[in-house]
Amino acid sequence: MKRIKIGQLGIGHNHGEAKMAALRKLPELFEVVGVVESDPTWYAKRSSLAAYKDIPFMTEDELFAVPGLEAVAVETDGFDLVTTAIRAAKRGLHIHQDKPAGPSPGDVRRR
């Protein structure tokens, strides 16, 4: 079976480390290709956590350019979840997003 190429957008969400750990526990299903964190505060606080060991950190554009990328886990700070997920969706990627897509379904429909 072909593994799903997946990346993580953001490490600011409290569940981000656990999501990455879960993906890495299933190497027969997922090929984790990279992590994005553009906020220097979150990068300083969480980039050295065990779940991210040996995974390259890259820019969002670099992650989106990975050949064969199929999915992303959106784990940004809560205020950025929707806008980040929409950027990925506009590129045709499958998305895992822990929280609702804004206070109303119309927030996503309009985008």
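Buried means under 20% relative accessible area, exposed over 50%, and partly exposed in between, taken with a 1.4 Å probe on protein chains only. The model is predicted, so local features need pLDDT of at least 70 and side-chain atom pairs count only at pLDDT 80 or more, whereas totals for chains, interfaces and linings use all residues. Residues are numbered from 1 along each chain as its sequence is written, and side-chain values use heavy atoms, with hydrogens and water left out.

**Exercise 1. Classify Arg3 and Glu31 by accessibility, and state what their pairing ties together.**

Step 1. Arg3 has 35% relative accessibility and therefore counts as partly exposed; Glu31, at 27%, also counts as partly exposed.

Step 2. The two form a salt bridge, with the closest N and O atoms 3.8 Å apart, where a salt bridge is a side-chain nitrogen of Lys or Arg within 4 Å of a carboxyl oxygen of Asp or Glu.

Step 3. Arg3 lies in the segment before β1 and Glu31 in strand β2, so the pair ties together parts that are 28 residues apart in sequence. Helices (H or I, at least four residues) and strands (E, at least two) are DSSP runs, numbered from the N terminus.

**Exercise 2. Locate the salt bridge of Arg87 and Glu60 and describe the accessibility of each partner.**

Step 1. The side chains of Arg87 and Glu60 meet at 2.7 Å, N to O, and the pair links helix α4, which holds Arg87, to helix α3, which holds Glu60, across 27 residues.

Step 2. Arg87 is partly exposed, with a relative accessible area of 33%, whereas Glu60 is buried, at 17%.

Step 3. A search of the whole structure finds four salt bridges, including that of Asp54 with Lys53 at 3.7 Å between the closest N and O atoms; both Asp54 and Lys53 are exposed.

**Exercise 3. Work out the strand order of the sheet and identify its edges.**

Step 1. The open sheet of five strands has the order β3-β2-β1-β4-β5, with parallel pairing; two strands pair if DSSP finds at least two bridges between them.

Step 2. The edges are β3 (57–58) and β5 (94–97), each of which has a single partner strand, so one side of each is left without a neighbour in the sheet.

Step 3. β2 and β3 pair in the parallel sense over two bridges, and the bridge partner of Val36 in β3 is Met58.

**Exercise 4. Describe the surroundings of Glu75 and say what its nearest side chain of opposite charge is.**

Step 1. Glu75 is found in the loop between β4 and α4.

Step 2. Glu75 is buried yet has no salt bridge, and the nearest side chain of opposite charge, Lys19, is 5.2 Å away; in this count Lys and Arg are positive and Asp and Glu negative, while His and the chain ends are not counted.

Step 3. Leaving aside residues up to four places away in sequence, Glu75 touches residues including Gln8, His13, Lys19 and His96, a contact being heavy atoms within 4.5 Å.

**Exercise 5. Name the residues that touch the most other members of the largest nonpolar core.**

Step 1. A nonpolar core is a set of buried Ala, Val, Leu, Ile, Met, Phe, Trp, Tyr and Cys residues joined through side-chain atoms within 4.5 Å.

Step 2. The largest core has 14 residues, of which Leu9, Leu63, Leu69 and Val72 touch the most other members.

Step 3. The elements that give this core two or more residues are β2 (30–36), α3 (60–64), β4 (71–74) and α4 (81–89), and α4 provides the largest share, three residues.
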